[in-house]
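I set out to record how the helices pack and how the aromatic side chains are arranged. My entries follow the structure below.

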Amino acid sequence: MNNLNINPTRLQKSNRRSFLSSSAIAISSVASSHLALAATPLRFASTAVFLNDQIATLELWQQYLELRIGRPVRFIQRGSYREIIDLLFNDSVDAAWLCGYPLMLHEDRLVALAVPRYQGAALYQSHLIVPNTDTSTKQILDLKGKVFAYSDPLSNSGYLVPRTQIVLGKQEPSTYFRRSFFTFSHRKVVDAVRAGLADAGAVDGYVWDTMATQFPSSVAGLRVAWKSAQHGFPPIVVRRNWPAQEAGQLGDALLGMQASSGGRGLLQRLNIEAFEPPKSKQFDSIRALLKLNPQSTS
């Protein structure tokens, strides 16, 4: 048998080089992954906003998020909730400010990441609005045969809530009004009622309050005739299959906004107090409305 002369020192050096080479490859791979993520924009969708100086607000929000998560951010606006949902399901956007109604329709594919706190709670109401000259309307059941403006077919406050009131009144929503139409914007509902295109409409109470604060002339001549029960505030949602690391980064950035002066200034522009983690059963009231409206779940 031939003797094998193995130099222990040479073997240790060889193993060390092999280990360092493997470690370098692993570190390089991780670094490349982080660099690729850092270069990939986070795509954030919303419907048309109504805020005062909306372009500046979105730019500030973009800058805040980019600083916190260390990657580019792109805001993408669409005219309806359906368009935004399609973008989420096609992996064309990563996150969206969405209504609780479509979230409840698609709980198997979407999850709430953060919920705004408004007037002390992560809750809001639907408002029934009419002209000041209409002094008789107290609820939606006083509007039979009138013209009504809904906001979006997937809006809780602008469609599901008023529809439920008609159902609870043992009326048929499709024939209750002489005519109804969708504006695809809470602000446009207000505009339609002010212009006399509709006798009444349903809007998000947060939107109404913000318009009254930032654009008081836009709600002049109108009044709130009725307010609904409270429901879970429209949340920031992400796809359930979005990587947990990315969702965590965005969630931390949103939940931490009130901790910095820049974040607090942005919250003030958005007319909300903070973002909170979603709570268990927060949207149960919307689930209950859906059970009363089986035809509205398509």
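The entries below take up a helix pair, a loop residue beside it, and then the aromatic rings.

**Entry 1: the model.** I note at the outset that this is a predicted model.

**Entry 2: helices α2 and α10.** I looked up the packing of helix α2 (residues 54-69) against helix α10 (residues 261-270) and found an angle of about 145°, with the axes 10 Å apart. I recorded the crossing of α2 and α10 as left-handed. On the α2 side, the contact is made by Ala56, Thr57, Leu60, Trp61 and Tyr64. The α10 side contributes Gly263, Leu266, Arg269 and Leu270. By class, I listed six nonpolar residues, two polar ones and one charged one in this contact.

**Entry 3: Serine 260.** I next turned to serine 260, which I located in the loop between α9 (244-255) and α10. Is serine 260 buried or exposed? Its relative accessible area is 14%, and because this is under 20%, I entered serine 260 as buried. Leaving aside residues up to four places away in sequence, I found that serine 260 touches Tyr64 and Arg68. Tyr64 had already appeared in my notes, as one of the α2 residues in the contact with α10.

**Entry 4: aromatic pairs.** I counted 18 aromatic pairs. I examined tyrosine 124 and phenylalanine 233, whose ring centres are 5.7 Å apart with 55° between the planes, a tilted pair. Which parts of the chain does this pair tie together? Tyrosine 124 lies in strand β5 (residues 123-124) and phenylalanine 233 in the loop between β11 (231-232) and β12 (236-239), so the pair links parts that are 109 residues apart in sequence. I noted both tyrosine 124 and phenylalanine 233 as buried.

**Entry 5: an aromatic cluster.** I found one aromatic cluster formed by Phe148, Tyr150, Tyr159, Tyr176, Phe177, Phe182 and Phe184. From this cluster I followed up tyrosine 159, which is found in helix α5 (residues 156-168). Tyrosine 159 has a relative accessible area of 14%, so I entered it as buried, the cut-off being under 20%. I also looked up the separation of the C-alpha atoms of tyrosine 159 and valine 203, which is 8.6 Å, although these residues are 44 residues apart along the chain.

**Entry 6: arginines over rings.** I looked for charges over ring faces and recorded two cases. Arginine 109 lies over the face of phenylalanine 89, at 3.7 Å from the ring centre. Arginine 187 lies over the face of phenylalanine 215, where the distance to the ring centre is 4.4 Å.

Methods: Residues are numbered from 1 along each chain as its sequence is written. This is a predicted model: local features need pLDDT of at least 70, side-chain atom pairs count only at pLDDT 80 or more; totals for chains, interfaces and linings use all residues. Side-chain values use heavy atoms; hydrogens and water are left out. Axes are lines fitted to C-alpha atoms, for helices over the stretch in contact, and angles run from 0 to 180 degrees between N-to-C directions. Helices (H or I, at least four residues) and strands (E, at least two) are DSSP runs, numbered from the N terminus. A crossing is left-handed if the near helix is turned anticlockwise from the far one by less than a right angle, and right-handed if clockwise. Contact means heavy atoms within 4.5 Å. Ala, Val, Leu, Ile, Met, Phe, Trp, Tyr, Cys and Pro count as nonpolar, Asp, Glu, Lys and Arg as charged, and the others, Gly among them, as polar. Buried means under 20% relative accessible area, exposed over 50%, partly exposed in between (1.4 Å probe, protein chains only). Rings of Phe, Tyr and Trp (its six-membered ring) pair if their centres lie within 6.5 Å; planes under 30 degrees apart count as stacked, over 60 as edge-to-face and the rest as tilted. A charge sits over a ring if NZ of Lys or CZ of Arg is within 6 Å of the ring centre and within 35 degrees of the ring normal.
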